[in-house]
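I record below what I looked up in this structure, entry by entry.

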Amino acid sequence: EEGCTVMFSAHRPTTDMLKHFDDLLLLCQGKVVYHGPMDKSMDYFESLGYVCPHNFTPTDFYMVLLQNEEIAEQLLKKWVEYVSYHAQDSHVAPKPPANDAKVSRMIRGDTTYPTI
């Protein structure tokens with residue numbers, strides 16, 4: 001169906017499966033390190049100096065980055081900077097209701113997402 005939202009969590013999806021993803025949300029330590037279009041995710045990481053080797057799928061590459069504590073900490077900080085800079089972009093930093101401080105903290109990466 002058109003116009004319906006599907007949330008899907010896949011551990012290490014194949015390159016073929018990635019072609020069907022519109023949006024990607026990457027979390028580390030329960031905090032956002034990237035949220036945006038799947039087809040722009042490689043550009044984002046390359047802009048930070050992390051270029052995916054040709055023999056890696058994007059998801060394998062992201063897992064390698066996020067498993068390195070030092071890199072993961074840098075990515076968390078860079079995402080907060082990115083969101084702050086692109087605050088006018090509704091896809092990157094949606095505007096929460098004025099009275100919803102918890103949602104605002106989650107968007108900025110100040111809080112962790114619950115583990116299910």
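**Entry 1. Ser41.** I began with Ser41, which is found in helix α2. The model is a predicted one. Is Ser41 buried or exposed? I found a relative accessibility of 0% and, because buried means under 20%, Ser41 counts as buried. I then looked for a polar partner: the side chain of Ser41 makes a polar contact with the side chain of Tyr62, at 2.7 Å. Setting aside neighbours within four places in sequence, I listed Leu24, Tyr34 and Tyr62 as the contacts of Ser41.

**Entry 2. Aromatic pairs.** Two of the contacts of Ser41 are Tyr34 and Tyr62, and I turned to the aromatic rings next. How many aromatic pairs does a search of the whole structure find? The search returns 9. For Tyr34 and Tyr44 I noted ring centres 5.4 Å apart and planes at 40°, so this pair is tilted. Tyr34 belongs to strand β2 and Tyr44 to helix α2 (residues 38-47), so the pair ties together parts that are 10 residues apart in sequence. Both Tyr34 and Tyr44 are buried.

I also noted Phe61 and Tyr62, an aromatic pair that is tilted, with 6.2 Å from centre to centre and 45° between the planes. Phe61 has 7% relative accessibility and therefore counts as buried. Tyr62, with 2%, counts as buried as well. Which residues form one aromatic cluster? I wrote down Tyr34, Tyr44, Phe45, Phe61, Tyr62, Trp79 and Tyr82.

**Entry 3. Val33.** I returned to strand β2 (residues 31-37), in which Val33 lies. Its relative accessibility is 0%, so Val33 counts as buried. What does Val33 touch, not counting residues up to four places away in sequence? I found Leu26, Leu27, Cys28, Tyr44, Leu66, Leu75, Leu76 and Trp79. I also took the separation of the C-alpha atoms of Val33 and Phe45, which is 10.0 Å for residues 12 apart along the chain.

**Entry 4. The hairpin of β1 and β2.** I looked up how β2 pairs with β1 (23-28). The two strands, β1 and β2, run in the antiparallel sense over 6 bridges, and Cys28 stands opposite Lys31 in β2. They form a hairpin with 2 residues between them. Gln29 is found in the loop between β1 and β2. I noted that phi of Gln29 is near 55°, a positive value in a residue other than glycine.

**Entry 5. Helix α4.** Leu75, Leu76 and Trp79 had appeared among the residues that Val33 touches, and I followed them into α4, where they are among the buried residues. I recorded Ile71, Ala72, Leu75, Leu76, Trp79 and Val83 as buried in α4. Why do the buried residues line one face of the helix? Seen down the axis of α4, they fall within an arc of 145°, so they line one face. I set beside this the general rule that an α-helix has 3.6 residues a turn, so residues three or four places apart point the same way. The face of α4 turned away from the buried side carries the exposed residues Glu70, Lys77, Ser84 and Tyr85.

I checked the span of α4 (residues 69-85) too: at 1.5 Å a residue, its 17 residues should span 24 Å, and the end C-alpha atoms are 24 Å apart, which agrees. At the N-terminal end of α4 I found a cap, Asn68, with a side-chain oxygen 3.0 Å from the backbone nitrogen of Glu70.

Notes. Residues numbered from 1 in each chain as written. Predicted model: local features only at pLDDT ≥ 70, side-chain atom pairs only at ≥ 80, totals over all residues. Heavy atoms only, no water. Helix = DSSP H or I, 4+ residues; strand = E, 2+ residues; numbered from the N terminus. Expected span 1.5 Å × (residues − 1). Buried < 20%, exposed > 50% of the residue type's maximum accessible area, 1.4 Å probe, protein only. Arc of directions from axis to C-beta. Polar contact = N/O pair within 3.5 Å; in protein donor to acceptor, adjacent residues only side chain to side chain. Contact = heavy atoms within 4.5 Å. Phe/Tyr/Trp six-rings, centres within 6.5 Å; stacked < 30°, edge-to-face > 60°. Pairing = 2+ DSSP bridges.
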